[in-house]
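Here is a set of exercises to work through with the model open in your viewer. Try each task before you read its solution.

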Amino acid sequence: MALAAIATVARCSPLSFPKSNFNPLARILVARSSSSIELHLRKYKAMASSLSSSETATKKERVTAPYGSWKSPMTADVVSGASKRLGGISVDGDGHLVWLESRPNESGRSVLVKEPEKQGDEPLDITPKEFVVRTLCQEYGGGAFNISGDTLVFSNYKDQRLYKQSLRLKDSPPLPITPDYGGPSACYADGVFDSRFGRYVTVREDRREDSLNPTTMVVAVGLVEKDIQEPKVLISGNDFYAFPRMDPKGEKIAWIEWGHPNMPWDKAELWVGYISEAGDIYKRVCVAGRDPKHVESPTEPKWSPKGELFFITDRQNGFWNLYKWIESTNEVLPLYPLNAEFARPLWVFGMNSYEVIQSDEQKTLIACSYRQRGRSHLAIIDVLQSSLSLFDIPFTDIADMTSGNNCLYVEGASGVLPTSVAKVTFNDEKSEVIDFQIIWSSSPDSLKYESYFSLPELIEFPTEVPGQNAYAYFYPPSNHVYQASQEEKPPLLLKSHGGPTSETRGVLNLSIQYWTSRGWAFVDVNYGGSTGYGREFRERLLGRWGIVDVDDCCSCAKFLVESGKVDGNRLCITGGSAGGYTTLAALAFRETFKAGASLYGVADLNMLRAETHKFESHYLDNLVGSEKDYYERSPINSVEKFSCPIILFQGLEDKVVPPDQARKIYAALKQKGLPVALVEYKGEQHGFRKAENIKFTLEQQMLFFARLVGHFDVADEITPIKIDNFD
């Protein structure tokens with residue numbers, strides 16, 4: 001079953017869906033495969049085969065040792081140094097791919113890199129060494145750069161100003177195009193070029209008057225670097241804006257907006273503004289989000305070359321589907337209704353889940369991806385025919401995409417492929433994929449460890465609510481050198497993802513393989529409230545954060561114990577941010593787990609509500625409920641209920657979950673007499689970017705659990721930190 005996670009294009013079979021999912025006129029097509037791509041993908045199929053055969057061939061020769069004590073070449077150094085992060089992709093005027101990568105070995109520095117002109121050459125860093133491409137807009141950032149022809153505009157991390165840089169002129173220095181306010185007090189994100197007026201239209205978050213409650217608006221920035229002017233305000237008045245998108249003629253602009261207490265996935269609005277000869281908006285029309293018959297969260301508006309407006313919303317079936325705006329009647333029409341998610345929640349700016357790849361009198365074709373039952377699918381929708389064609393590629397998980405010259409660049413991953421960018425080439429008719437080539441990989445050396453890989457198995461388990469199930473990816477222990485005795489069951493580390501309105505995905509993650517290759521079982525849970533399964537599943541958490549997520553994590557662990565897959569006496573839990581809250585709440589209010597690790601997690605809901613940044617300042621209004629709920633669901637107020645060891649990790653520059661959260665729960669647990677440790681990192685924010693801190697966090701979690709719960713010695717040489725009330 002796990003091998004099904006590896007996609008090939010050698011065989012394609014029709015996929016069947018309930019008839020209720022479809023427009024009666026719609027039809028589904030499965031794209032044919034070509035022999036050339038089959039040849040190109042042999043190495044991926046061979047990898048899947050080797051993972052199965054190596055286990056069988058070496059079973060008799062394995063060393064017997066306790067789970068958790070196995071030695072693995074996937075060290076914490078390998079994990080921390082190899083996993084680069086992708087911050088966006090684009091294409092320059094010559095059709096070359098440009099991507100933004102953050103490098104743990106350079107303290108998490110984010111750099112723009114250009115695809116080499118000749119195959120075999122090294123990629124070229126575009127960003128000069130004194131610059132870092134990153135925006136702090138809404139703290140989570142995203143959409144930090146854009147390219148038009150040979151002109152690049154990007155946000156510089158240190159001063160948060162926008163800079164313009166020529167990609168044509170070698171060694172061209174970036175020049176600022178936004179005012180210097182004496183510090184990083186104005187942030188910009190999600191910008192696009194407006195060729196009609198020679199300007200850059202972007203979201204601005206202005207912190208000059210109030211850093212905790214900045215003003216957000218859409219502004220126009222002049223592209224003449226020698227005459228820097230104050231940006232012109234185009235759209236303002238609401239709490240948040242995203243996706244300002246110009247039509248091809250520069251006569252209309254589309255955007256998404258929303259206000260407190262809603263998050264963009266709860267309720268948002270899509271607007272279109274008409275632009276005057278002076279460059280101002282003189283008329284506005286609400287396209288989606290104000291109809292009382294629909295509760296919806298539109299996202300990702302995009303204009304076709306013909307001036308048609310497409311977008312994604314969840315107005316009819318509760319799933320984010322593609323729609324088209326009919327301007328003459330101000331109506332919206334679904335392109336291809338399907339009980340599947342064509343978009344992700346708007347945590348970061350600049351997402352790009354679909355592309356209009358053909359727009360002429362004969363056809364309008366949209367390349368897109370959708371998620372269904374924990375897997376992504378690449379597809380093309382023929383708008384005029386209302387049909388959908390599927391394309392089977394090695395990625396089982398797809399994020400963003402962008403159009404190239406007669407190709408599509410796709411960001412994706414699978415159980416054996418780390419986050420990568422692939423160049424996908426179609427035939428002229430767009431009816432089949434004829435080539436698939438990896439251009440960039442977050443962990444290019446990961447294939448050398450393939451014989452140790454544990455493949456994710458999607459599991460569906462019953463929750464505390466009768467008739468309701470939740471989902472997770474289970475990774476069994478995997479190391480071709482070792483085996484445990486038949487009497488022993490492996491320890492389990494359960495991960496609760498952040499958000500909480502987010503989704504974990506079953507892809508190759510060396511941080512997970514670090515555990516499984518040492519003899520741990522690992523499970524990554526999509527509890528009720530996660531995305532990827534529609535609005536109804538997502539809204540299970542409304543008013544019940546700290547209950548549903550905790551119950552589902554405990555139910556998942558119990559399900560694995562009852563299935564005979566893990567040791568019920570060695571259950572551990574970990575999570576970051578909202579996942580850290582779920583970890584602490586599970587340890588305070590349930591007795592399922594024996595130890596936990598909280599990474600920049602929430603201990604006090606009232607403190608979070610008072611101190612967190614603007615974007616999430618009212619998030620808890622819908623997730624928690626009454627003042628009584630805030631108090632009773634805060635782990636800090638139930639210290640007497642904790643009964644097991646906990647280790648905490650915290651960045652000292654975190655503005656999303658400030659350091660006082662970790663310090664407060666640490667002091668209380670220490671006073672209670674429980675084994676507890678707190679690790680603080682200078683220079684780290686919400687999530688750790690520096691290789692040395694990623695490594696230290698991974699190693700200390702492993703050693704902490706081994707010493708207090710696992711009853712085994714780890715094979716790695718790790719210097720333990722002091723554990724209060726234990727050492």
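**Exercise 1. The nonpolar cores**

Task: In this predicted model, find which residues touch the most other members of the largest nonpolar core.

Solution: Start with the core itself, which has 108 residues. Within this set, Trp325 and Val523 touch the most other members. Next, pick Val523 and list its contacts, leaving out residues up to four places away in sequence. The list includes Ile459, Tyr473, Phe474, Leu492, Leu494, Cys556 and Leu560. Finally, look for a second core: a separate one of 60 residues includes Phe391, Ile398, Phe453 and Leu599.

**Exercise 2. A hairpin**

Task: Describe how β16 and β17 are paired, and say how many residues of β16 are buried.

Solution: First, take the direction: β16 and β17 run antiparallel, with five bridges joining them. As a check on the register, Arg245 stands opposite Ala254 in β17. Then look at the connection, where five residues lie between the two strands of the hairpin. In that turn, Gly250 has a positive phi of about 75°. Last, the burial: for β16 (residues 240-246), seven of its seven residues are buried.

**Exercise 3. Aromatic pairs**

Task: Classify the ring pairs Phe154 with Tyr163 and Phe240 with Phe615.

Solution: A pair of aromatic rings is described by the distance of the centres and the angle of the planes. The structure holds 36 aromatic pairs. For Phe154 and Tyr163, the centres are 5.8 Å apart and the planes meet at 15°, so this pair is stacked. Both of these residues, Phe154 and Tyr163, are buried. For Phe240 and Phe615, the centres are 5.9 Å apart with 85° between the planes, an edge-to-face arrangement. Now place this second pair in the chain: Phe240 belongs to strand β16, while Phe615 is in the loop between α8 and α9 (619-623), so the pair links distant parts of the chain, 375 residues apart. Phe240 and Phe615 are both buried. They also belong to one aromatic cluster, together with Tyr140, Trp258, Trp265, Trp347 and Tyr619.

**Exercise 4. Charges over rings**

Task: Which rings have the charged end of Arg518 or Arg538 over them?

Solution: Arg518 places its charged end over the ring of Tyr514, 3.9 Å from the centre of that ring. Arg538 lies over the face of Trp320, and here the distance to the ring centre is 4.4 Å.

**Exercise 5. Helix α11**

Task: Compare the span of α11 with the expected value, then list what its buried residues pack against.

Solution: Helix α11 (residues 660-672) has 13 residues. From first C-alpha to last it reaches 18 Å, close to the 18 Å expected at 1.5 Å a residue. Its buried residues are Gln661, Ala662, Ile665, Tyr666, Ala668 and Leu669. To read that pattern, recall that an α-helix has 3.6 residues a turn, so residues three or four places apart point the same way. The buried residues of α11 pack against α8 (605-611), β39 (646-651) and β40 (676-681). Just after the helix, Gly673 takes a positive phi of about 100°.

**Exercise 6. Backbone checks**

Task: Locate the cis peptide bonds before Pro261 and Pro500, and then examine phi at Gln160 and Asp190.

Solution: The cis bond between His260 and Pro261 has omega of about 0°, and Pro261 is in the loop between β17 and β18 (269-275). For Gly499 and Pro500, omega is about 5°; Pro500 lies in the loop between β35 (492-496) and α4 (510-516). Gln160 is not a glycine, yet has a positive phi of about 60°. Gln160 counts as buried because its relative accessibility is 0%. Asp190, in strand β12, has a positive phi near 65° and is buried, at 3% relative accessible area.

Technical notes: Residues numbered from 1 in each chain as written. Predicted model: local features only at pLDDT ≥ 70, side-chain atom pairs only at ≥ 80, totals over all residues. Heavy atoms only, no water. Helix = DSSP H or I, 4+ residues; strand = E, 2+ residues; numbered from the N terminus. Buried < 20%, exposed > 50% of the residue type's maximum accessible area, 1.4 Å probe, protein only. Pairing = 2+ DSSP bridges. Core = buried A, V, L, I, M, F, W, Y, C linked by side-chain atoms within 4.5 Å. Contact = heavy atoms within 4.5 Å. Expected span 1.5 Å × (residues − 1). Phe/Tyr/Trp six-rings, centres within 6.5 Å; stacked < 30°, edge-to-face > 60°. Lys NZ or Arg CZ within 6 Å of the ring centre and 35° of its normal.
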